[in-house]
Every structure is written in C-alpha cells, then in structure tokens.
Amino acid sequence: MAGRDLPGSAAATAWPAGFLERLGEIFPAGLLPRVIAALATPRQVGLRVNTLLTSVPAVTLRLFEAGIAVQPLSWQPSGLIADAVFRTQLVDSPLVTDGSLYLQGPSSQFVSLLLAPQPGETVLDLAAAPGGKTSHLAALMENRGVLSAVESVRPRFFRLQANLKRLGVGIAKTYLMDGRAVPRKTGPRFDRVLLDAPCSGEARLSPHHPAALATWSERKIAECSRKQTGLIRAAFDSLRPGGRMLYCTCSFAPEENERVVARLLQDRPDAGLESPGEIPFETVDGLREFRGKMFGEELQRARRIVPSAVMEGLFIALVRKGAD
C-alpha cells in the first residue's frame, strides 16, 4: 500500500518509508485515514489533578482564574482536558510547579485505572521514569501500601525521584537498576505490576517532528522487542500467584506488543490474558497474526487505543498470574 494512495494523508511523503504500509496492516482500512490524521494533528492537552495534594474543584478554579478553559474526562475523576493552545501556559503554570497538576495524556491515565491498585497493596512500576504513572498509582492507593519504582537510566532515575517528591508521593521506594533483575532480588511478591515498556514510540511520531521520524526503523522495533521480552518476563515473575500485570507501550508495532505478550504466554503456563472489559473510548482488538507470525486467539483480548484529538495511541494487555 503506497503512502500516496492513503486518503487524508497530505503529508504522506513526510513519513518514513514503510511506516504507513505497516499501519495499513495493523488498523482496519476504515480507521486508517483517521489514525494518520490524528498523528499529524496537535492533540489536546491531558491533565491529571494530583489528589495527593489538592482537589479537582480547587485546581479547576485556579485554572479558571488563569484564563485556562478545561473539560473533565468523564471516565477519569481526576482527569481534565484543555485545548492545545494552552500547552505552553500549562507547562509553565504554578500548578505544575507546586505539584497540584501533572500533564499526562488520557491514555496514560487509563493505564493506572485499569491496573486498579488498592490502598495497602504491594505494587511495582518496572520502568517508572518520569513518574507520571507512578504518582497516579500512589494517588489511587491513597499513599497507603508499598510502591516500588524501578528505572535503569541514571538521568531519568533522578528525574523520577524529583517528580515523586514534588508530587507528594510518600509510599514509593525508588531503585536505579535493570528491571530484568528484579525477580531475582524480590521473588514473586507484588500484588500488581505495571510495565510501561521502553519502546520505539511510534504513536508519538508526527510529520511536524522530522528528527523523531528519522529515528524510526524496523531494526529499532526489533531491538526494542528483545528488551521488552526480558522485561515482561521479569514483571510477570515478580507477581505473586493471583496477581495482575499490565503491559503497555506507545508503539503500534506488533513485534513490540502482541509478539512480546504471546512469548510470555508460551513461556509461562500460569500466565493468562484478561479482557479489559468495557472501554469508554475507541479501541481495536489485538492481532491474531502479523506478516505470517501467529500470536493466537487469546491476543484478541489485548487492545490498541485508536489515536484521536484526545487519546494517544497505546497498546494494553492485562495479564493475570494463576493462583497456586
């Protein structure tokens, strides 16, 4: 499928060779023009009120006084949406500086809601920087329990620590280490594990950012997939029997998503993929196969969030570990 043949893709020539063809094999034909248009259009700004420090009414009032119009996310009690024209003003806002507000896309907010950590539980965030999802997990846990946050890249680790401190997260213990080593140190002890895996970042590509486009390649996808395979095994092996893990990436690539999850299901007989249930925005089911590689019917329980003016593209797979 040639990029020039794709409707609604005036900027098709800006995309890397092969990228649009792959999208055409991942998304249904009827969705493809909307997906491409969404990637090429500035998205609305997702915001999350940090309920560890303040309340939604208090933040909404301060935003109103600053001349920033927001709308609530109907399915996320602490989530807000603002027009893209307010992005710079929000980034520089005192609300962000004092930890009352965190800029976070709605798809990323949904990840923590779906994992649904409870107060008092023991939770692991295996690739935690910069800390947005970690702090959301802490808020859902009401700062009660144990939250371990792991990051392997030193500059990102220090950014994680600074963000968690600014956001008032009191239950997090941070660890600078390779996430693949975690189960050797902890054993299977966590009630819930979040793995927002390092990925090729396909869902963040835009024809308006040619430097990022230049880094995309199928070789990069393959390199990410190898690392993700080790991380997902570590995440699962860190779960207690009966525990739940959420695997997600901001890549569309099946090699980084369905293939990684399918390998886990093959290698760990006590791993099972759960349906995420009803989702309040548009998604498509996970793929059963891609370019001759079979993943199995169970992978249809995974979901790929369809990018839009509000939602970022994201792959999510909810895994449960069988009880003893």
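## A tour from strand 5 outward

Begin at Thr122, which counts as buried because its relative accessibility is 15%, under the 20% cut-off. Keep in mind that this is a predicted model. Thr122 sits in strand 5. Now show its surroundings. Leaving out residues up to four places away in sequence, Thr122 touches Val146, Arg189, Phe190, Asp191 and Arg192.

**Strand 5 and its partners**

Select residues 122–125, the whole of strand 5. Look at where the side chains go. Thr122 and Leu124 point one way, while Val123 and Asp125 point the other way. Are these residues buried or exposed? All of them are buried.

Next, add strand 6, residues 146–151. Strand 5 pairs with strand 6 in the parallel sense, over 4 bridges. For a landmark, pick Leu124: Ser148 of strand 6 stands opposite. Follow the chain between the two strands. The path leaves strand 5, passes through helix 7 and arrives at strand 6, a right-handed β-α-β crossover.

Then add strand 8, residues 190–196. Strand 5 pairs with strand 8 too, in the parallel sense over 3 bridges. Leu124 is again a useful marker, with Val193 of strand 8 opposite.

**Helix 7**

Select residues 132–140. Why is helix 7 described as largely enclosed by the rest of the structure? Because 8 of its 9 residues are buried. To see them, color Gly132, Lys133, Thr134, Ser135, His136, Leu137, Ala138 and Ala139, which are buried. Lys133 and His136 are on that list as well as Leu137. Past the helix, stop at Glu142, where phi is positive, near 55 degrees.

**Asn50**

Jump to Asn50, in the loop that runs between strand 1 (45–49) and helix 3 (56–65). Its relative accessibility is 1%, so Asn50 counts as buried. What does its side chain find there? A polar atom of the Asn50 side chain lies 2.7 Å from the backbone oxygen of Leu167. Display the contacts of Asn50 beyond four places in sequence: they are Gly99, Ser100 and Leu167. Leu167 thus appears in the contact list and in the polar pair.

**The nonpolar cores**

In soluble globular proteins, nonpolar side chains tend to be buried together. Here, the largest nonpolar core has 87 residues. Select Leu23, Leu126, Leu195, Met245, Val261 and Ile316, the members with the most contacts inside this core. Zoom in on Leu23. Neighbours within four places in sequence aside, Leu23 is in contact with Leu32, Val35, Ile36, Leu39 and Phe252. Another core, of 14 residues, lies apart from the largest one. Leu47, Val49, Leu63 and Val96 are among its members.

**The cysteines**

A disulfide is a covalent bond between the sulfur atoms of two cysteines. How many disulfides does the model have? The count is 0. Select Cys248, which is in no disulfide. Its nearest cysteine sulfur, in Cys250, is 8.3 Å away. Cys248 has 0% relative accessibility and so counts as buried.

Finish at Cys250. Which cysteine has the sulfur closest to that of Cys250? Cys199 does, at 3.3 Å, and that is too far for a bond, because the two sulfurs would have to be within 2.5 Å. Cys250 counts as buried because its relative accessibility is 9%.

Methods:
Residues are numbered from 1 along each chain as its sequence is written. This is a predicted model: local features need pLDDT of at least 70, side-chain atom pairs count only at pLDDT 80 or more; totals for chains, interfaces and linings use all residues. Side-chain values use heavy atoms; hydrogens and water are left out. Buried means under 20% relative accessible area, exposed over 50%, partly exposed in between (1.4 Å probe, protein chains only). A polar contact is a pair of N or O atoms within 3.5 Å; within protein, one must be able to donate a hydrogen and the other to accept it, and residues adjacent in sequence count only if both atoms are side-chain atoms. Contact means heavy atoms within 4.5 Å. Two strands pair if DSSP finds at least two bridges between them. A crossover is right-handed if, with the strands pointing away from the viewer, the path from the first strand over the helix to the second runs clockwise. A nonpolar core is a set of buried Ala, Val, Leu, Ile, Met, Phe, Trp, Tyr and Cys residues joined through side-chain atoms within 4.5 Å.
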